[in-house]
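Reader: I've got the model open and I'd like to see how the labels were earned. Can you take me through the reasoning?

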Amino acid sequence: MRDEYDVKKLNPRKNPYSNRLKKQITLNLNEETVQYFKALSMQNGIPYQTLINMYLTDCAENKRKLHLKWE
């Protein structure tokens, strides 16, 4: 191992996982929604926060639109 390295000679490359990085946020969800995803996560063996992230990612990737009808 060298005592010093010349950083300019290193071959920097882009992190291949940079597009998968997550950002921590605070999100207020109602209790029923959290319980729904926790129950679903128990059935599938996936942590509930991962399950919520997967659901939201699917919505974003497929550009799903929200359809609300107020009566």
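Author: Sure. Start with the residue classes: Ala, Val, Leu, Ile, Met, Phe, Trp, Tyr, Cys and Pro count as nonpolar, Asp, Glu, Lys and Arg as charged, and the others as polar. Keep in mind that this is a predicted model. By those classes, the lining of the largest pocket divides into seven nonpolar, five polar and two charged residues.

Reader: Which residues are the closest to the centre of the largest pocket?

Author: Lys 23, Ile 25, Leu 27, Gln 49 and Ile 52, out of 14 lining residues. The space in this pocket is about 560 Å³, and helix 2 gives the most to its lining, with six residues.

Reader: How do you know that the span of helix 2 agrees with its 14 residues?

Author: Take 1.5 Å times one less than the number of residues. For residues 48-61 that gives an expected 20 Å, and the end C-alpha atoms are 20 Å apart, so the two agree. After helix 2 comes Lys 63, with a positive phi near 50 degrees.

Reader: What makes Ile 25, Leu 27 and Leu 29 a nonpolar patch?

Author: A patch residue needs over 30% relative accessible area and no salt bridge, and nonpolar side chains are joined within 5 Å. These three form such a patch on the surface, with about 300 Å² of accessible area together. Leu 27 sits in the segment before helix 1 (31-44).

Terms used. Residues are numbered from 1 along each chain as its sequence is written. This is a predicted model: local features need pLDDT of at least 70, side-chain atom pairs count only at pLDDT 80 or more; totals for chains, interfaces and linings use all residues. Side-chain values use heavy atoms; hydrogens and water are left out. Helices (H or I, at least four residues) and strands (E, at least two) are DSSP runs, numbered from the N terminus. On a 1 Å grid over the protein atoms alone, a cavity is a set of points where a 1.4 Å probe fits but cannot get out, and a pocket is an open set with protein on both sides within 12 Å along at least five of seven lines; lining residues have an atom within 4 Å of a point. Grid points are joined across faces, edges and corners, and a volume is the space filled by probe spheres set on the points. Patches are made of residues with over 30% relative accessible area and no salt bridge: like charges are joined within 9 Å, nonpolar side chains (Val, Leu, Ile, Met, Phe, Trp, Tyr) within 5 Å. Accessible areas come from the Shrake-Rupley method with a 1.4 Å probe; for residues, only the protein chains shown count as cover. A salt bridge is a side-chain nitrogen of Lys or Arg within 4 Å of a carboxyl oxygen of Asp or Glu.
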